[in-house]
Amino acid sequence: MNQSTSQFMNSKDYQESLRSLKPTVYVDGRLIESVADEPSLRPGVQALGVTYDMVHDPALAPLMLADSNGTPVPRMLHINQSSGDLLNKLEAVRVLCQETGCAQRYLAHDALNAIAQVSARIDDAKGSNEHSAKFSEYLSHVQTKDLALGIAMTDAKGDRSRRPHEQENPDTYVHIVSQDAKGVVISGTKAIVTGAPYMHEFLVMPGRNMTKEDAAFAICCAVPVDAKGITIVARPAGRPGDKVEHGKPIFSSKYGQSTGVVIFDKVFVPWDRVFYAGEWEHSSVLTYNYATHHRHSCIAARAGFGDLLIGAGALMCEANGLDPATKSNLRDPMVELIKITEGFYACGVAASVYGTQDPYSKSFMPEPVFSNIGKLLLATQIYDMHRLAHEVSGGLIVALPGPDEDHNPATAATLAEVLRANPAVPYDKRIEVARFIEDLTASYQGGWYSVISLHGGGSPAAMKQEIYRQYPIGNKVELVERLLDRGVLTSSEERAITKNKQPGRCCDQGCSAPGQAVMVPLPEPGRRT
């Protein structure tokens, strides 16, 4: 694969591309004139910019680019062709989130892979190539233009006890209003769209399985963010400009994430951007495939966040004059933080290695049980990660005077002396790390990281349901029955506990076959360009 990156945008190109769009965006009640130049959205724009710049870093390009039939394409816009692609996507997302906290653009990867799979499945059912050909053309457009895609999947939902067609207000779900030879017209509301204001296009996808009566709500299509009839009501990204009790947020004033409620009011979508409309029976497959890809990506994203906590926790121990290697009260929580981070990341690695080829699109899908277990672990342990970072850091992270005191001639010299701990670590370096940990864990932004970790990609209940649904309990039951020498009591079809089974698994070349490692060696974080 030719590794030239000149055809891809960098962060400045990306920002300039946003200036050519005119979406209707409101933030804090204000109509935004230019998304690229809006201070309240700058941390989000800058975070996405990192995904563009890393492609041009020679040390990271082998990871941030993927080989699509001999042509380099951005990893975040690639359709996985092997387990190696899944592994490299996992590592790429982790590296991106080490730098930004949340890189956001990986959602496009997850949605594109899911749509590729469902398009091929519909074609197989219809005996045609129409849907796959249309998606392939769109994918080429996205990759060539190097676009950022917002995923409009989660509907406002209305009354959760009712199905889409039963809602009093149909606009709580995005649905087809009308259609003709030119295309479809859609209306409705998507409630949680990551990075909505600073995307180029939206991928509109159903957020649940549909019934025949819900056919009008089964719509999957692509629309520009500034299409007529679209209004984005967004929250600020990160904490730009905040002057909080402990000073300017060190991390979240630079990088953050906006989310938006996207309202569609009779938006026209031409047929070449409609991947399916009304094929309700395929919505459950699309949502399942997207959820599996996305939970696999979320594992890597929170591992990158865990790396920030591990590094900052170790620095705080050093600044306090203590060595975790000799202090069990610090070593134990540091090991626990490492165990949690690498534990759920290992599930992502296993999901990649055990990934399987989709029978219709021939692309690769992460193994669902490991993907869901990894996401469930991070969702329920994110609060422990915060607690452990607090435990090794001490109470100083929320008890510091504000940074204005650093320049106060009446107090600065005294504070620099009395709040210094390790003689080898200057006072200003100690408080810098403390404020960094506060920003990530004990602030508005820290609470935000907790909530998106818990509910991003689905609630813990949804993951538990998927784990039980996919796990081969039937194999375990038959194992024990065989060891008890009583045989299988009844056929699997008659027993609920033996329905789920799977064959044994091994790599296609044999587990001891020599070969080149799949992963690409990377430079140390501190040595990247």
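How far is the sulfur of Cys221 from the closest cysteine sulfur, and in which residue does that closest sulfur lie? In this predicted model, the closest cysteine sulfur to that of Cys221 belongs to Cys220, and the separation is 6.9 Å, which is too far for a bond. A disulfide is a covalent bond between the sulfur atoms of two cysteines. The cut-off applied here is a sulfur pair within 2.5 Å. Cys298 is likewise in no disulfide, with the sulfur of Cys102 as its nearest cysteine sulfur at 7.9 Å. The structure as a whole holds zero disulfides.

Both Cys221 and Cys298 can also be placed by their accessibility. Cys221 has a relative accessible area of 0% and is therefore buried. Cys298, at 5% relative accessibility, counts as buried because the limit is under 20%.

Cys221 leads to strand E10, which spans residues 219-224. Five of the six residues of E10 are buried, so the strand is mostly covered by the cut-off of under 20% relative accessible area. E10 has antiparallel pairings with two strands, E9 and E13. With E9 (residues 201-204), the pairing runs over four bridges; within it, Leu203 has Ala222 of E10 as its bridge partner. With E13 (residues 274-277), E10 shares three bridges, and here Cys221 is partnered by Val274 of E13.

The helices H1 and H2 form a second topic. Helix H2 covers residues 42-53, and its twelve residues should span 16 Å at 1.5 Å a residue; the C-alpha atoms at its ends are 16 Å apart, in agreement with that expectation. Most of H2 is covered, with nine of the twelve residues buried. These are Pro43, Gly44, Val45, Ala47, Leu48, Gly49, Val50, Thr51 and Tyr52. Among the elements that cover them are helix H1 (11-19) and helix H4 (83-100).

Which residues of H1 are buried? They are Ser11, Tyr14, Ser17 and Leu18. Viewed down the axis of H1, these buried residues fall within an arc of 120 degrees, so they line one face of the helix. The cover over the buried residues of H1 includes H2, just as H1 is part of what covers the buried residues of H2. At its N-terminal end, H1 is capped by Asn10, which has a side-chain oxygen 3.0 Å from the backbone nitrogen of Lys12.

Definitions and conventions
Residues are numbered from 1 along each chain as its sequence is written. This is a predicted model: local features need pLDDT of at least 70, side-chain atom pairs count only at pLDDT 80 or more; totals for chains, interfaces and linings use all residues. Side-chain values use heavy atoms; hydrogens and water are left out. The expected span of a helix is 1.5 Å times one less than its number of residues. Buried means under 20% relative accessible area, exposed over 50%, partly exposed in between (1.4 Å probe, protein chains only). Contact means heavy atoms within 4.5 Å. The arc is that of the directions from the helix axis to the C-beta atoms. A polar contact is a pair of N or O atoms within 3.5 Å; within protein, one must be able to donate a hydrogen and the other to accept it, and residues adjacent in sequence count only if both atoms are side-chain atoms. Two strands pair if DSSP finds at least two bridges between them.
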